[in-house]
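Biologist: Please take me through this chain, from its overall make-up down to single residues.

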Amino acid sequence: MTEKLMGHLSDRPWTERWLTRLLGAALSAAAYLLCLPWDLRNRAESPGSTSETTPVTGLGVALLAVTLLLLAAYFGRRDALAWPLLLVAVPPATLMYVSFRTHPEADASPWSLTWAFCTLLIAAGVMIATSVARRFRQDTGDSMDGLIYAHH
C-alpha cells in the first residue's frame, strides 16, 4: 500500500496517474476556497469608509500555505518536475484571478499587481517544496555508472 501511495506516478497505470493528479488539483482548489473564503459582496466596513470587508485572515493564509507546501512536496516526490507547479500552484492562482476580477473596475487597479505577486509567491513556494521533496526521492531506475566512459 505504501508503494501505491508514495511510489513514482510514472510506474502506475495511466488512469491511476491522472486520477491522482486530478485529485491533487481539486485539493489545491478546495484548500484555496476553504482557507480564503470568497465574499463577493465587497461592502464598506462602515459608512464613508474606504476599506472593504474581507473574510481573509492570517490563519487562513497560513493554513493555505502549509497545505500547498505539503501538496507540492507530495507531488514533487511522486511525479515529474513540472507537475507540482501545474497541479498545486495553478488552481489557486486561477481562483484568485477570478476573485479579483469580480471586484468593481474602479476598485480593481491594484488587483493585477497583487495577483501577480501572490502567484509568483505561490509558484516559488511550490518549486522550493518540490525541489526539497525530490531530494528524498528514491530512484528505482538503473544507475548511470555504466554510461560514463573513462577515456585513458
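The exchange below moves from the whole chain to particular sites.

Modeller: This is a predicted model, in which local features need pLDDT of at least 70, side-chain atom pairs count only at pLDDT 80 or more, and totals for chains, interfaces and linings use all residues. Residues are numbered from 1 along each chain as its sequence is written, and side-chain values use heavy atoms, with hydrogens and water left out.

Biologist: How many helices and strands does the protein chain have, and in what order do the elements run?

Modeller: Helices (H or I, at least four residues) and strands (E, at least two) are DSSP runs, numbered from the N terminus. On that basis the protein chain has 5 helices and 0 strands. From the N terminus on, the order is α-α-α-α-α.

Biologist: Where does UniProt place the feature "transmembrane region"?

Modeller: The entry is unreviewed, and UniProt annotations, given here in the numbering of the model with shortened feature names, may be inferred rather than shown by experiment. In the model, residues 81-100 are 90% helix and 0% strand, with end C-alpha atoms 29 Å apart. Residues 112-133 are 100% helix and 0% strand, with end C-alpha atoms 31 Å apart. The UniProt record places the feature at residues 21-40, 55-74, 81-100 and 112-133.

Biologist: What distance separates the end C-alpha atoms of α2, and what span should its 22 residues have?

Modeller: The expected span of a helix is 1.5 Å times one less than its number of residues. For the 22 residues of α2 this comes to 32 Å, and the computed end-to-end C-alpha distance, which agrees, is 31 Å.

Biologist: Which helix supplies the largest share of the largest nonpolar core?

Modeller: A nonpolar core is a set of buried Ala, Val, Leu, Ile, Met, Phe, Trp, Tyr and Cys residues joined through side-chain atoms within 4.5 Å; buried means under 20% relative accessible area, exposed over 50%, and partly exposed in between (1.4 Å probe, protein chains only). Of the 20 residues in the largest core, Tyr 32, Leu 64, Val 88, Ile 122 and Val 126 touch the most other members. At least two residues each come from α2 (14-35), α3 (58-78), α4 (83-101) and α5. The largest share, 6 residues, comes from α4.

Biologist: Is Thr 130 buried or exposed, and which residues does it touch?

Modeller: Thr 130 lies in helix α5 (residues 111-135). Its relative accessible area is 0%, so Thr 130 is buried. Contact means heavy atoms within 4.5 Å; not counting residues up to four places away in sequence, Thr 130 touches Ala 72, Gly 76, Leu 81 and Pro 84.

Biologist: Is Thr 94 buried or partly exposed?

Modeller: Thr 94 is found in helix α4, and its C-alpha atom is 9.0 Å from that of Ala 29, 65 residues apart along the chain. Because its relative accessible area is 43%, Thr 94 is partly exposed.

Biologist: Which side chain is joined to that of Asp 79 by a polar contact?

Modeller: Asp 79 is in the loop between α3 and α4 and counts as buried because its relative accessibility is 3%. A polar contact is a pair of N or O atoms within 3.5 Å; within protein, one must be able to donate a hydrogen and the other to accept it, and residues adjacent in sequence count only if both atoms are side-chain atoms. Among the buried residues of α2 is Arg 21. At 2.7 Å, the partner of the Asp 79 side chain is Arg 21.
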